[in-house]
Amino acid sequence: MTATVEPLPTGSILLHVGPYKTGSTAIQQSLFDQREALAENGVHYPDKWRRLFREGHSLMQFAPRGLSVPPISVWDDFAAGIRARPETVCLSTEDFGRLHRPDRARKIVADLGADRLHVLAVARAYHRLLPSHWQERIKGAETLTYDQWLHQVFEGDDSMNAYRSFWTSHDMERMTTQWLEVLPPDRYTVVISDDSDRLLLSHVFEQLLGLPEGLLAPGGNANASLSANAAEVLRRVNLAFTEHGWPDGDRRALIRKGVVRSLQDAGRPAYDQPMPALPGWVQPAVTERSRARVDAIRSLGIRVIGDPERLLPPAGDPGDPEVRIPEAVSVEAAAAAVVGALEALFRDRQSRRRAHSRRTPPPADAGPALSDVDGRSLARELGRRARRRLPGSR
Amino acid sequence: METEPGLLPDRAVLVHIGPYKTGTTAIQSSLHEHRAELVDAGITYPGRYHRQMRPSWGLLGRSRVGESDVPLREWDEMVDEVRAAPGRVVISSEDFSSARPQHVRKLVDDLGADRVHVLIVARRLDKLLPSAWQERVKSVNETRTYDAWLREVLSVERAGDAARVFWHNHGIRTLVERWSTALPLDRIIILVNDEADRSLQSATFERLLGLPAGQLTPGPHANTSLSMERIELCRQVNAAVRARGWAGSKKLNAPRRALLAGLRSAPLQDFETTIPALPAWTGPRLEQLSEERARSVEQSGVRVLGDHALLRYRADPDAPDLGDPPRVLPTDAAAGAIEHALAAMLRRGESRSRARKDRPSPPAPPDPLARLSSREMLREVTRRQAARLRRTSRSAR
């Protein structure tokens, strides 16, 4: 059972910053689904989407692949609206868990009000986080194998995508220090997550926000993880996407909202294996980083919920020397992936049909009939179209 | 029984009607590949494609799933080409095996009652059944497992569409009956396939058409079979397609074809299996049906090439049950299938967005070509060419 946590003062703004792969999706889904119950208990949760999305991107002047960056006014208007609310507010976005510019943290604090803001981050053990994080990347556009990716994370530097994306979200010391420049330590809380207690995070939120126990208990399998086998299929599809140079917008529609979603819905068929544990070669480095994180959490003077020792990997499990790439996948998962892509096709078709019905009809003047066109013009036009269809001749 | 197929008359039109899964792709690919030699020998293989699919669909009023029927005009255009041909003609489309009596009558009338010879290939049932099921899974959204499909096809009642379709296309007696309503029996040829002789069909075509022996070497296309694991992927996708109500949408045609190409693109893994032998429960029924089939051929009264006894079948009473479909397939094959399907979907999107860019802005002077699809334009070109051909051939006569 989770430790008892004092509720925040009424009128606080609780900003949950993730980071990624620490159970954010589940808690956001609960907060969003229960937003009416929250309102009855005097807590506001924005009702636009599961989490802050464009608002956060606006502040960070960033957008995920395939989307455009929203203007800063999107955040400014949103923050002004939140500040105008007298009641307790809860906000959540794991995007703020990877701020790398102190002025951005400063702006968040200034815009939401230093007097009301409490920041909450979740620390999840690295040995649990790493496989999840790689998977999350695979659901994006990652083409590195798990093993290659781990090499970059633990042996690489800031010039490498894998290194950057992992440590900007999970270098707790750097992240916390940044917030502590603009916020007193008693306004910064770290929850030590526990993979064996799926109610921990929801309990913490319920207590901080003064909500009835159980209100935020996680529902279904939000953002379910993929099997190692399905992840490998997806990685190869990512490779193909990159090799073909297909656009990011298509990746989003077909992969993220199609193939990935369908694979998640299908669950893990009996044949397919969960992600493997960490290979032996990386374990000393993981232990070292974990120990450093525990020390940092203890020394920063912030509020800590849970036992930081839980962040240390279990001793004496040598693991496989290297990660084996699955050479087979269940037919069920493969079919789910195919069907997911097709689902995107049919969704696309529906939205296109709506767009099409709004389009103005072509002019009534039909012009000369086809029979009036001479054979040479016909042949020329056909040739032109054929050339246009050839790859690389655009 | 006739073992040496005699040369067909000078202006004979040999109509090869398959049926499906009797080696049609191989012979069609070979005929297409050797067009130049055929022309030299005064033989016409109409059209430009590896078989006369679209003309046959024009006659039968068929189409690809979800698309409009191929117009009868495309059949008529081929008829013009056949009529104009000075020497022997060979036409091949397995879809003719599904022709109904009215189509058979029209085919014979159009191509010339005095010229048409029909060639039916009879294959042993135990070889035909696995291919036929696999083809259905690949092409017509079949969702039955192999076992369920076999039970339906081999049932005494022959109820259900699987049985109806199979026996309509493959029943020797029904095929002969249908074609003999429009043709005398001596113009119907049954070639009994010899599963041990891969060159039998090409050799038969060579002799019927008067080509030098050995000329019809294999072409580049073969309708290769997939492993049971990969077919199972198709079957599960079919089930999902049906469950979601997408069956019959033409949007699926391109991704489905691409999916199959993707599945073929990955090398076979050690753990993969071919379609298993027929289980023991099919034995007695299949022996009986095969015997009936051999006798149908023997007593048909048509020209029979090869030995009807080759259609008899001896079941293995110990053949194991089929068990459950495979559960696993190679990662390569799965990823290849998805990649190819995605590529097909993106090609669609690309041509669409280009088409949007190509649309003329309203004030521009109306150009009839800009509004036309390339297919419409091609059809017009083909129509004009055919008309020209008709004019030239008439004046040549």
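User: How many disulfides does a search of the whole structure find over all chains?

Analyst: Happy to help, and do keep in mind that this is a predicted model. A disulfide is counted where a pair of cysteine sulfur atoms lies within 2.5 Å. Searching every chain with that cut-off gives a total of 0.

User: Is Cys90(A) buried or exposed?

Analyst: The cut-off for buried is under 20% relative accessible area. Cys90(A) has a relative accessible area of 0%, so this cysteine is buried.

User: And Cys234(B), is that one buried or exposed?

Analyst: Let's use the cut-off again: buried means under 20%. Cys234(B) has 4% relative accessibility, so Cys234(B) counts as buried.

User: Which peptide bond in the loop between E1 and H1 of chain A is cis?

Analyst: Good one to look at, since most peptide bonds are trans. Pro19(A) sits in that loop, between strand E1 (13–16) and helix H1 (24–33). With omega at about -5 degrees, the cis bond is the one joining Gly18(A) and Pro19(A).

User: What is omega for the peptide bond from Gly18(B) to Pro19(B)?

Analyst: In chain B, Pro19(B) is placed in the loop between strand E1 (13–16) and helix H1 (24–33). The bond leading to Pro19(B) from Gly18(B) is cis, and its omega is near 0 degrees.

User: Is Gln61(A), with its positive phi, buried, partly exposed or exposed?

Analyst: Gln61(A) is in the loop between helix H3 (54–60) and helix H4 (73–83) of chain A, and its phi is near 50 degrees. Partly exposed covers the range between under 20% and over 50%. Because its relative accessible area is 39%, Gln61(A) is partly exposed.

Definitions and conventions:
Residues are numbered from 1 along each chain as its sequence is written. Chains are lettered from A and ligands numbered from 1 in the order in which they are written. This is a predicted model: local features need pLDDT of at least 70, side-chain atom pairs count only at pLDDT 80 or more; totals for chains, interfaces and linings use all residues. Side-chain values use heavy atoms; hydrogens and water are left out. Buried means under 20% relative accessible area, exposed over 50%, partly exposed in between (1.4 Å probe, protein chains only). Helices (H or I, at least four residues) and strands (E, at least two) are DSSP runs, numbered from the N terminus.
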